[in-house]
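Colleague: I am new to this structure and would like to go through it with you. Please tell me what each term rests on.

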Amino acid sequence: MTINNVSVPPLTVDHYTLRIIQAEDIHSIHSLINDWNVVRMLSEVPFPYPKPLLEKWIDSVSNETETGQSYHFSILDNTTQQIVGCIGLRVDSKDQLGKIGYWIAHKYWGQQIASKALQRLSTWALANLNINYIHATAADDNLASIAVLKKCGYQSFGQGKEKFLARAAEQPVSYFLLQREDICPGKKTSLVPPPNASTPKKILLVVAAALIDIDGRLLLARRPEGKSMAGMWEFPGGKIEPGETPEAALARELKEEINVDVSQSCLAPFTFASHEYADFHLLMPLYVCHKWKNLPEPKENQQLAWVSADELDNYLVMEADKPFIPLLKDLLF
Ligand SMILES: Nc1nc2c([nH]c(=O)n2[C@@H]2O[C@H](COP(=O)(O)OP(=O)(O)OP(=O)(O)O)[C@@H](O)[C@H]2O)c(=O)[nH]1
(Lines give C-alpha, C1' and ligand atoms only; values in the text may rest on other atoms or scores of the structure.)
Protein backbone atom coordinates (compact mmCIF):
# COMPACT_ATOMS: atom_id res chain seq x y z
CA MET A 1 0.00 0.00 0.00
CA THR A 2 1.40 3.42 -0.93
CA ILE A 3 0.08 6.48 0.88
CA ASN A 4 1.21 9.97 -0.07
CA ASN A 5 4.35 8.50 -1.70
CA VAL A 6 5.14 6.51 1.46
CA SER A 7 5.01 2.76 1.10
CA VAL A 8 3.12 1.29 4.06
CA PRO A 9 3.74 -2.43 4.06
CA PRO A 10 2.18 -4.56 6.74
CA LEU A 11 4.80 -4.31 9.50
CA THR A 12 5.75 -7.60 11.07
CA VAL A 13 7.34 -8.10 14.46
CA ASP A 14 7.87 -11.44 16.09
CA HIS A 15 4.63 -13.35 15.39
CA TYR A 16 2.47 -10.25 15.04
CA THR A 17 1.57 -8.07 12.04
CA LEU A 18 0.55 -4.44 12.04
CA ARG A 19 -1.73 -3.75 9.09
CA ILE A 20 -3.77 -0.64 8.29
CA ILE A 21 -7.24 -0.80 9.93
CA GLN A 22 -9.99 -1.88 7.53
CA ALA A 23 -13.75 -1.25 7.76
CA GLU A 24 -14.43 -4.95 8.40
CA ASP A 25 -12.23 -4.89 11.53
CA ILE A 26 -15.03 -3.06 13.34
CA HIS A 27 -16.68 -6.10 14.96
CA SER A 28 -13.46 -7.53 16.41
CA ILE A 29 -12.18 -4.12 17.50
CA HIS A 30 -15.49 -3.22 19.13
CA SER A 31 -15.69 -6.46 21.12
CA LEU A 32 -12.14 -5.90 22.41
CA ILE A 33 -12.11 -2.15 23.10
CA ASN A 34 -15.58 -1.88 24.69
CA ASP A 35 -14.07 -3.00 27.97
CA TRP A 36 -13.61 -0.80 31.04
CA ASN A 37 -10.08 -2.16 31.62
CA VAL A 38 -9.01 -0.85 28.23
CA VAL A 39 -11.15 2.24 27.81
CA ARG A 40 -10.33 3.81 31.16
CA MET A 41 -6.73 4.28 29.97
CA LEU A 42 -7.72 5.99 26.67
CA SER A 43 -8.48 9.68 26.95
CA GLU A 44 -10.74 10.08 23.92
CA VAL A 45 -12.96 7.00 24.23
CA PRO A 46 -16.27 6.93 26.16
CA PHE A 47 -17.59 3.93 28.07
CA PRO A 48 -19.65 2.17 26.99
CA TYR A 49 -18.31 2.72 23.46
CA PRO A 50 -21.23 2.74 21.00
CA LYS A 51 -20.45 0.82 17.80
CA PRO A 52 -21.64 3.65 15.48
CA LEU A 53 -19.13 5.96 17.13
CA LEU A 54 -16.33 3.48 16.49
CA GLU A 55 -17.55 3.13 12.90
CA LYS A 56 -17.33 6.91 12.48
CA TRP A 57 -13.80 6.90 13.93
CA ILE A 58 -12.66 4.13 11.56
CA ASP A 59 -14.11 6.10 8.63
CA SER A 60 -12.32 9.27 9.66
CA VAL A 61 -8.96 7.58 10.20
CA SER A 62 -9.28 5.84 6.81
CA ASN A 63 -9.62 9.27 5.22
CA GLU A 64 -6.66 10.56 7.20
CA THR A 65 -4.63 7.54 6.13
CA GLU A 66 -5.27 8.33 2.45
CA THR A 67 -3.76 11.78 2.90
CA GLY A 68 -0.87 10.63 5.08
CA GLN A 69 -2.18 12.50 8.14
CA SER A 70 -2.32 9.39 10.28
CA TYR A 71 -1.51 5.70 10.18
CA HIS A 72 -3.72 3.43 12.31
CA PHE A 73 -3.05 -0.29 12.43
CA SER A 74 -4.79 -3.40 13.72
CA ILE A 75 -2.32 -5.70 15.47
CA LEU A 76 -2.89 -9.28 14.33
CA ASP A 77 -1.61 -12.52 15.79
CA ASN A 78 -0.07 -14.30 12.78
CA THR A 79 -1.12 -17.76 13.95
CA THR A 80 -4.78 -17.09 14.68
CA GLN A 81 -5.22 -14.02 12.42
CA GLN A 82 -7.15 -12.50 15.35
CA ILE A 83 -6.89 -8.81 16.19
CA VAL A 84 -5.24 -8.37 19.60
CA GLY A 85 -5.11 -4.57 19.77
CA CYS A 86 -4.52 -1.39 17.81
CA ILE A 87 -1.73 1.16 17.43
CA GLY A 88 -1.75 4.44 15.55
CA LEU A 89 0.33 7.48 14.78
CA ARG A 90 -0.86 10.94 13.80
CA VAL A 91 1.54 13.16 11.86
CA ASP A 92 2.00 16.82 12.71
CA SER A 93 3.99 17.88 9.63
CA LYS A 94 4.44 21.47 10.77
CA ASP A 95 6.41 20.40 13.84
CA GLN A 96 7.74 17.22 12.21
CA LEU A 97 6.23 15.33 15.12
CA GLY A 98 4.32 12.04 15.35
CA LYS A 99 1.79 11.34 18.11
CA ILE A 100 1.45 7.69 18.97
CA GLY A 101 -1.21 5.76 20.91
CA TYR A 102 -2.02 2.08 21.40
CA TRP A 103 -4.10 -0.40 23.35
CA ILE A 104 -4.05 -4.17 23.76
CA ALA A 105 -7.17 -6.24 24.54
CA HIS A 106 -7.35 -7.29 28.18
CA LYS A 107 -7.06 -11.02 27.47
CA TYR A 108 -3.71 -10.49 25.71
CA TRP A 109 -2.04 -8.40 28.42
CA GLY A 110 1.29 -9.60 29.79
CA GLN A 111 2.61 -10.92 26.45
CA GLN A 112 4.84 -7.93 25.54
CA ILE A 113 2.64 -7.19 22.53
CA ALA A 114 2.47 -3.46 23.22
CA SER A 115 6.27 -3.09 23.41
CA LYS A 116 6.79 -5.08 20.24
CA ALA A 117 4.19 -3.07 18.31
CA LEU A 118 5.39 0.25 19.73
CA GLN A 119 9.02 -0.47 18.89
CA ARG A 120 8.09 -1.58 15.37
CA LEU A 121 5.86 1.36 14.51
CA SER A 122 8.21 3.93 16.08
CA THR A 123 11.20 2.61 14.13
CA TRP A 124 9.25 2.50 10.87
CA ALA A 125 7.75 5.96 11.34
CA LEU A 126 11.05 7.71 12.13
CA ALA A 127 12.70 6.03 9.14
CA ASN A 128 9.93 6.64 6.61
CA LEU A 129 7.75 9.62 7.54
CA ASN A 130 8.66 13.26 7.61
CA ILE A 131 8.98 13.39 11.39
CA ASN A 132 11.83 13.91 13.79
CA TYR A 133 10.22 12.95 17.12
CA ILE A 134 7.39 10.84 18.46
CA HIS A 135 5.25 12.01 21.33
CA ALA A 136 3.18 9.79 23.67
CA THR A 137 0.95 10.42 26.68
CA ALA A 138 0.15 7.96 29.47
CA ALA A 139 -2.15 8.32 32.49
CA ASP A 140 -0.03 8.25 35.64
CA ASP A 141 -1.92 5.19 36.90
CA ASN A 142 -1.19 3.32 33.65
CA LEU A 143 2.02 1.79 34.98
CA ALA A 144 2.11 -0.92 32.30
CA SER A 145 2.06 1.64 29.50
CA ILE A 146 4.70 3.78 31.19
CA ALA A 147 6.94 0.70 31.46
CA VAL A 148 6.35 -0.07 27.76
CA LEU A 149 7.27 3.46 26.71
CA LYS A 150 10.47 3.44 28.78
CA LYS A 151 11.44 -0.01 27.46
CA CYS A 152 11.16 1.33 23.90
CA GLY A 153 13.46 4.29 24.62
CA TYR A 154 10.82 6.99 25.19
CA GLN A 155 12.00 9.63 27.66
CA SER A 156 9.64 11.31 30.09
CA PHE A 157 9.66 15.08 29.58
CA GLY A 158 6.82 16.51 31.60
CA GLN A 159 3.52 16.12 33.33
CA GLY A 160 0.05 17.56 32.98
CA LYS A 161 -3.64 16.86 33.26
CA GLU A 162 -5.99 15.59 30.57
CA LYS A 163 -9.69 14.86 30.40
CA PHE A 164 -10.49 11.14 30.17
CA LEU A 165 -13.97 10.74 28.67
CA ALA A 166 -14.69 7.32 30.19
CA ARG A 167 -13.75 8.50 33.68
CA ALA A 168 -15.55 11.84 33.17
CA ALA A 169 -12.66 13.54 34.95
CA GLU A 170 -9.26 15.06 34.47
CA GLN A 171 -6.37 12.72 35.19
CA PRO A 172 -2.69 13.39 35.83
CA VAL A 173 -0.65 12.27 32.83
CA SER A 174 3.01 12.02 31.85
CA TYR A 175 4.37 13.02 28.48
CA PHE A 176 7.06 11.03 26.67
CA LEU A 177 9.25 11.72 23.67
CA LEU A 178 11.25 9.45 21.41
CA GLN A 179 14.08 10.93 19.37
CA ARG A 180 15.76 9.19 16.48
CA GLU A 181 19.02 8.66 18.36
CA ASP A 182 17.13 6.78 21.13
CA ILE A 183 16.15 4.02 18.70
CA CYS A 184 19.53 2.25 18.35
CA PRO A 185 21.24 3.19 21.61
CA GLY A 186 24.07 0.76 20.82
CA LYS A 187 24.87 2.55 17.55
CA LYS A 188 24.72 6.18 18.50
CA THR A 189 25.41 8.96 16.03
CA SER A 190 24.03 11.32 18.62
CA LEU A 191 23.28 14.90 17.73
CA VAL A 192 24.79 16.21 20.92
CA PRO A 193 28.28 15.35 22.16
CA PRO A 194 28.37 14.40 25.86
CA PRO A 195 29.34 17.34 28.12
CA ASN A 196 33.00 17.60 29.23
CA ALA A 197 34.07 14.79 26.94
CA SER A 198 37.80 14.94 27.57
CA THR A 199 39.08 11.80 25.82
CA PRO A 200 39.93 12.47 22.19
CA LYS A 201 37.56 10.73 19.84
CA LYS A 202 38.46 8.46 16.99
CA ILE A 203 38.46 10.35 13.69
CA LEU A 204 36.21 8.64 11.16
CA LEU A 205 37.13 9.36 7.57
CA VAL A 206 34.09 9.30 5.31
CA VAL A 207 33.77 10.59 1.77
CA ALA A 208 30.54 11.76 0.11
CA ALA A 209 29.26 13.14 -3.19
CA ALA A 210 26.81 15.83 -4.23
CA LEU A 211 25.57 14.43 -7.54
CA ILE A 212 23.94 17.23 -9.55
CA ASP A 213 21.76 16.43 -12.59
CA ILE A 214 21.17 18.54 -15.72
CA ASP A 215 18.07 20.12 -14.09
CA GLY A 216 20.24 21.42 -11.26
CA ARG A 217 18.89 18.97 -8.67
CA LEU A 218 20.90 17.21 -6.02
CA LEU A 219 20.74 13.54 -5.08
CA LEU A 220 20.00 12.75 -1.41
CA ALA A 221 19.75 9.30 0.15
CA ARG A 222 17.67 8.40 3.19
CA ARG A 223 19.24 6.18 5.84
CA PRO A 224 17.13 3.00 5.94
CA GLU A 225 15.62 1.19 8.94
CA GLY A 226 18.23 -0.74 10.88
CA LYS A 227 20.95 1.92 10.58
CA SER A 228 21.64 4.47 13.26
CA MET A 229 19.75 7.73 12.59
CA ALA A 230 17.44 5.92 10.12
CA GLY A 231 15.25 8.42 8.31
CA MET A 232 17.84 11.19 8.13
CA TRP A 233 18.94 12.26 4.65
CA GLU A 234 22.60 12.26 3.63
CA PHE A 235 24.91 12.33 0.64
CA PRO A 236 25.82 9.01 -0.97
CA GLY A 237 29.25 7.85 0.15
CA GLY A 238 30.91 5.94 2.96
CA LYS A 239 34.01 5.15 4.94
CA ILE A 240 37.47 5.30 3.38
CA GLU A 241 39.14 1.89 3.69
CA PRO A 242 42.81 1.64 4.71
CA GLY A 243 45.06 2.21 1.68
CA GLU A 244 42.29 3.84 -0.39
CA THR A 245 42.37 7.38 -1.74
CA PRO A 246 39.21 9.43 -1.03
CA GLU A 247 38.39 9.47 -4.75
CA ALA A 248 38.76 5.68 -5.10
CA ALA A 249 36.65 5.15 -1.97
CA LEU A 250 33.93 7.44 -3.33
CA ALA A 251 33.88 5.74 -6.73
CA ARG A 252 33.57 2.35 -4.96
CA GLU A 253 30.82 3.53 -2.57
CA LEU A 254 28.77 5.11 -5.38
CA LYS A 255 28.89 1.86 -7.32
CA GLU A 256 27.98 -0.24 -4.25
CA GLU A 257 25.25 2.04 -2.92
CA ILE A 258 23.54 3.43 -6.01
CA ASN A 259 25.06 1.52 -8.95
CA VAL A 260 26.58 4.68 -10.42
CA ASP A 261 29.90 4.61 -12.28
CA VAL A 262 32.04 7.72 -11.88
CA SER A 263 35.44 8.47 -13.22
CA GLN A 264 37.66 9.79 -10.42
CA SER A 265 38.56 12.75 -12.65
CA CYS A 266 34.89 13.89 -12.55
CA LEU A 267 34.95 14.31 -8.76
CA ALA A 268 35.58 17.96 -7.87
CA PRO A 269 36.46 18.72 -4.21
CA PHE A 270 33.81 21.14 -2.91
CA THR A 271 34.00 21.45 0.88
CA PHE A 272 34.32 19.26 3.96
CA ALA A 273 32.60 18.51 7.27
CA SER A 274 34.47 18.28 10.56
CA HIS A 275 31.83 17.35 13.10
CA GLU A 276 31.88 15.88 16.58
CA TYR A 277 29.34 13.12 17.18
CA ALA A 278 28.99 11.40 20.55
CA ASP A 279 31.17 8.43 19.64
CA PHE A 280 33.50 9.72 16.94
CA HIS A 281 34.70 12.79 15.12
CA LEU A 282 33.59 12.82 11.49
CA LEU A 283 35.93 14.20 8.85
CA MET A 284 34.16 14.10 5.52
CA PRO A 285 35.24 15.67 2.23
CA LEU A 286 32.29 16.43 -0.06
CA TYR A 287 32.86 16.24 -3.81
CA VAL A 288 30.61 17.64 -6.51
CA CYS A 289 29.95 15.49 -9.54
CA HIS A 290 28.00 16.35 -12.71
CA LYS A 291 28.90 13.38 -14.86
CA TRP A 292 28.34 9.67 -14.23
CA LYS A 293 27.07 6.54 -15.91
CA ASN A 294 23.81 4.68 -15.02
CA LEU A 295 20.64 5.95 -13.40
CA PRO A 296 21.12 6.01 -9.63
CA GLU A 297 19.20 3.15 -8.05
CA PRO A 298 18.97 2.26 -4.35
CA LYS A 299 21.06 -0.87 -3.74
CA GLU A 300 20.89 -0.78 0.05
CA ASN A 301 17.19 -0.34 0.76
CA GLN A 302 17.56 3.42 1.00
CA GLN A 303 15.16 5.97 -0.52
CA LEU A 304 16.67 8.35 -3.07
CA ALA A 305 15.41 11.84 -3.90
CA TRP A 306 16.38 14.43 -6.50
CA VAL A 307 16.05 17.71 -4.68
CA SER A 308 16.05 21.28 -6.03
CA ALA A 309 17.57 24.20 -4.12
CA ASP A 310 14.07 25.36 -3.10
CA GLU A 311 13.23 21.98 -1.62
CA LEU A 312 16.44 21.38 0.31
CA ASP A 313 15.11 22.81 3.59
CA ASN A 314 12.32 20.21 3.67
CA TYR A 315 14.83 17.39 4.13
CA LEU A 316 16.17 16.47 7.57
CA VAL A 317 19.87 16.05 6.87
CA MET A 318 22.51 14.61 9.18
CA GLU A 319 23.85 17.12 11.69
CA ALA A 320 27.31 17.10 10.08
CA ASP A 321 25.76 17.96 6.71
CA LYS A 322 23.82 21.03 7.82
CA PRO A 323 26.62 23.54 6.97
CA PHE A 324 26.63 22.16 3.39
CA ILE A 325 23.08 23.28 2.71
CA PRO A 326 23.59 27.05 2.18
CA LEU A 327 26.72 26.37 0.13
CA LEU A 328 24.86 23.91 -2.07
CA LYS A 329 21.90 26.25 -2.49
CA ASP A 330 24.28 28.89 -3.86
CA LEU A 331 25.80 26.32 -6.19
CA LEU A 332 22.44 25.08 -7.49
CA PHE A 333 20.83 28.49 -8.14
N1 LIG B 1 27.75 8.64 3.56
C2 LIG B 1 27.51 9.63 4.39
N3 LIG B 1 27.75 9.48 5.73
C4 LIG B 1 27.48 10.52 6.53
C5 LIG B 1 26.97 11.74 6.04
N6 LIG B 1 26.81 12.60 7.07
C7 LIG B 1 27.18 11.94 8.21
O8 LIG B 1 27.14 12.38 9.34
N9 LIG B 1 27.61 10.68 7.88
C10 LIG B 1 28.06 9.68 8.86
O11 LIG B 1 29.25 9.09 8.43
C12 LIG B 1 29.23 7.68 8.64
C13 LIG B 1 29.20 7.03 7.28
O14 LIG B 1 29.65 5.79 7.32
P15 LIG B 1 28.97 4.66 6.42
O16 LIG B 1 28.04 5.25 5.43
O17 LIG B 1 30.04 3.81 5.89
O18 LIG B 1 28.28 3.87 7.55
P19 LIG B 1 26.79 3.68 8.00
O20 LIG B 1 26.53 4.25 9.36
O21 LIG B 1 25.89 4.16 6.94
O22 LIG B 1 26.68 2.13 8.11
P23 LIG B 1 27.60 1.12 8.92
O24 LIG B 1 28.41 1.89 9.93
O25 LIG B 1 26.55 0.27 9.54
O26 LIG B 1 28.40 0.50 7.86
C27 LIG B 1 27.97 7.37 9.38
O28 LIG B 1 28.18 7.39 10.76
C29 LIG B 1 27.07 8.53 8.99
O30 LIG B 1 26.13 8.78 9.98
C31 LIG B 1 26.75 11.88 4.64
O32 LIG B 1 26.29 12.91 4.13
N33 LIG B 1 27.03 10.79 3.86
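## Terms and what they rest on

Modeller: The UniProt annotation "domain: Nudix hydrolase", from an unreviewed entry, covers residues 202–330. The model we are looking at is predicted.

Colleague: How do you know that residues 202–330 carry this annotation from experiment or from inference?

Modeller: The name comes from the UniProt record, in an unreviewed entry, and such annotations may be inferred rather than shown by experiment. What the model gives for residues 202–330 is 16% helix and 33% strand, with the end C-alpha atoms 32 Å apart.

Colleague: What makes up the protein as a whole, in helices and strands?

Modeller: The protein has seven helices and 17 strands. Its C-alpha trace spans about 70 × 45 × 40 Å along the principal axes.

Colleague: Into which domains is the protein divided?

Modeller: Domain 1 is 2–183 and domain 2 is 187–332. Their centres, taken over C-alpha atoms, are separated by 35 Å.

Colleague: How many residues of domain 1 and domain 2 are in contact?

Modeller: Nine residues of domain 1 are in contact with eleven of domain 2. Contact is called when C-beta atoms lie within 7 Å, so these residues meet that limit. On the side of domain 1 that touches domain 2 there are four nonpolar, three polar and two charged residues.

Colleague: Why is the set that includes I75 and L121 called a nonpolar core?

Modeller: A core is a set of buried residues of listed nonpolar types joined through C-beta atoms within 7 Å, and I75, I87, A117 and L121 are therefore buried members of this one. Those four touch the most other members of the largest nonpolar core, which has 46 residues. Helix α4 (residues 113–128) gives the most to this core, with nine residues.

Colleague: Which residues is L121 in contact with, leaving aside neighbours within four places in sequence?

Modeller: L121 is in contact with L11, L18, F73, I87, L89 and I100. Another core, of 34 residues, lies apart from the largest one, and V206, I240, I258 and M318 are among its members.

Colleague: What makes a residue part of the shell around the ligand, and which come nearest?

Modeller: The C-beta atom must lie within 6 Å of the ligand, so the 15 residues around it meet that limit. E234, G237, G238, M318 and A320 come nearest. The elements giving two or more residues to the shell are β11 (203–211) and β14 (237–239). β14 gives the most, with three residues. By class, the shell has seven nonpolar, four polar and four charged residues.

Note on methods. Residues numbered from 1 in each chain as written. Predicted model: local features only at pLDDT ≥ 70, side-chain atom pairs only at ≥ 80, totals over all residues. Helix = DSSP H or I, 4+ residues; strand = E, 2+ residues; numbered from the N terminus. Nonpolar A, V, L, I, M, F, W, Y, C, P; charged D, E, K, R; others polar. Domains from an automatic or database assignment. Contact = placed C-beta atoms within 7 Å. Buried ≥ 20, exposed ≤ 12 C-beta atoms within 10 Å, placed from the backbone.
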